[in-house]
Amino acid sequence: APLPALATCGAGPVWATATDIYEIVYGSPELSVAPGGALAARAGGGPLAFYRMSDGEALGAEWGNWDETLDASWERRMVQVQQGDEAAWVEIRDARTGEILHTQPAAPSPGPDLTWLRLLRGFITPDGTRLATMTCWSRIPSDVSTARIQLHDLGTGAEGPLIDLDVDCGDNLWPRAAPGALSGDGRRLVLTFMAQPEVFVVDLEAGTVAVFDPVGDLPDAVPVNENWGYGNTAILDIALRPDGDAMALSDRTGRLTRWSLPGLASLGEPWDAGLVGINQNTYGPSLESPVSWSPDGALLAHLDGDGEAVVRQAGDGEVLLALPRPDLTPPDWTGEALFNPATAFRFSADGDGVLVAFELGLALWRCPAPPPVTAPDALGPVTIEGPASVALYDTGTWTASAATDGQPVVFRLLLDGVPVAAGLHGLLSASLSSPGAHTLQAIADDGVTQAASPVLEVVSN
C-alpha cells in the first residue's frame, strides 16, 4: 500500500504557537477541530481555548469545568457538575447559546450504606447523541464503593442496563482524571480507576464487563524528565480505534500495547512509550503519555521511548514521521526541568494532518500543504448588547451576536482595546477595575474572516 501523505512531511510543522493560556491547562487536553477545519479548540484544566487553524493564532478561552467536551459539530457541549457529596449531574448544552438541552442526574445509590456520592463522570459520542455516565457511591469511611455505569440515548430517552462494578472508584480529578474512552457508536466504554491497574471494558448495551490487567508485575519506567507528578494511574492513556474494534494503551511501565475488542487479544509486541511529567512548577504536575489513532485506524501518534512525538504505522510499527518539540522560549517560572513534551494529538479528518498539543502550545503538521480554509459565508454584522453602567470591581455580562451561515464563530470581548474574554456562545463577561468611562467591542472570528461590532461605551461608577 502507498505510504500515507504524512510520511512525506519535512522536519517542521506548518505552524507552531505558544500561548499564555498554558498555566491553567492540566493533564492531557482534548483537541477538537470545527466543521470546515477553520477553528480548533483545546479543553483541559478548566478553560476551553480556541485557535485559528490557518496560522495557530490563539483567540482566547472561556472558563469552564475540569471535564468538558465539544461534539464533532461544535453544537453540543458536555459539562460535568458536582455540588458537595450528595448532588451531581451532567449537562448537555447548546455550545453556541449556552442553553441547557439535557440534564442527566447521577445514578441513585445502590444501597442504604452507600451514602457518599464521590464522583460523576460523563462520556459523549462525537455526534452528540449518546451519553455514558459513571457514578461512584461510597460508604463512609470509604472502604467500600460501587461504580454505576449506564448508557443514555439523548435523542430517544432510552437507557441501557445499569451496570455495577465493586471497585474503588472515587478518583480525584485533580490534576487529571483516570483515562476512559467511549466508542464512536456509544456501545463500548473502556474505564480505568486511580487505585487499581485493571482495565474495564464495558458493553453498555449488553450489560457485560471484561476485566484485564495489561501491566501485571512489570516495574515502573522512569519519566524522561524524571518528574512523576500527582494522581498517577497504571494506565496513562486509552485510545479507541475509530471502528471501535481495537484500542491502544500507554502505561507506567513505559509501553504502548494494542488490543482487539471485545476479545482482548494482543495485536503485536509492545512499543516503547515515553513517560513525561508536565506542569512541574505548578500545583498540578502529572505524568502523561498520550496516544491517538488516525481516522482510518492505519496510524498511531504517541511518545517514543525518548519522550519525542512520532507517527507510526499501526500494523508493523514503522515510524513514518517525527514531530519534534517546537523551539519556543519558555516563561521564566518554568525552570530548567521544562521538557515541553507533546500532551495530546488530533488527526485531521482526511488523515493527512495531525494537530499536536505541547506543554507550551500547539503545532500543526500536514502534508501536502493544507488546502485553503474557507467558511460557508462571510460574517454578517456583529452586535453587542448589555449594561451601560457597572459598579466598580463588579462583573458585567454582555451579549455578542453575528449573522452567520451556520459555521462556528468565536467571539472576543475587547475592554479598552484589550481582549478580556472569549467564547462560542457570545455571553462575555468582564470586570471594570478602574472608575470612569470605558469602551467595549465584540470581535467575531470564524477562522477565516473577522468582523467587529460598534464600540459600546460603559461607565464604571
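In this predicted model, strand 16, which covers residues 196–203, pairs with strand 17 in the antiparallel sense, and five bridges join the two. Within that pairing, Phe200 stands opposite Val211 of strand 17. Both strands belong to an open sheet of four strands, arranged in the order 14-15-16-17 with antiparallel pairing. Strand 14 (180–182) and strand 17 (208–212) stand at the edges of this sheet, and because each has a single partner strand, one side of each is left without a neighbour in the sheet. From one strand to the next, the twist averages 15°.

Ahead of strand 14 in the sequence lies a loop that takes part in a covalent link. Cys136 and Cys169 form a disulfide in which the sulfur atoms are 2.1 Å apart, a separation that counts because the cut-off for such a pair is set at within 2.5 Å. By this rule, the count for the model comes to one disulfide. The link of Cys136 and Cys169 is right-handed, with 80° about the S-S bond. Cys136 lies in strand 11 (residues 130–138), whereas Cys169 lies in the loop between strand 13 (163–165) and strand 14, so the pair ties together parts that are 33 residues apart in sequence. As for the surroundings of the two cysteines, Cys136 has a relative accessible area of 0% and is therefore buried, and Cys169, with a relative accessible area of 0%, is buried as well.

Further along the chain, an open sheet of three strands has the order 31-33-36, again with antiparallel pairing. Its edges are formed by strand 31 (382–385) and strand 36 (427–431), and since each of these has a single partner strand, one side of each is left without a neighbour in the sheet. Neighbouring strands here are turned against each other by 30° on average, when direction is ignored. Strand 33, made up of residues 395–402, pairs with strand 36 in the antiparallel sense over five bridges, and in that pairing the bridge partner of Thr395 is Ser431 of strand 36.

Between strand 33 and strand 36 in the numbering come two strands that pair with each other. Strand 34 (residues 410–415) and strand 35 (residues 418–423) are joined in the antiparallel sense over five bridges, and Leu414 has Pro419 in strand 35 as its bridge partner. Strand 34 and strand 35 form a hairpin with two residues between them, and in the turn Asp416 has a positive phi of about 55°.

Conventions
Residues numbered from 1 in each chain as written. Predicted model: local features only at pLDDT ≥ 70, side-chain atom pairs only at ≥ 80, totals over all residues. Heavy atoms only, no water. Pairing = 2+ DSSP bridges. Axes fitted to C-alpha atoms, helices over the stretch in contact; angles between N-to-C directions. Buried < 20%, exposed > 50% of the residue type's maximum accessible area, 1.4 Å probe, protein only.
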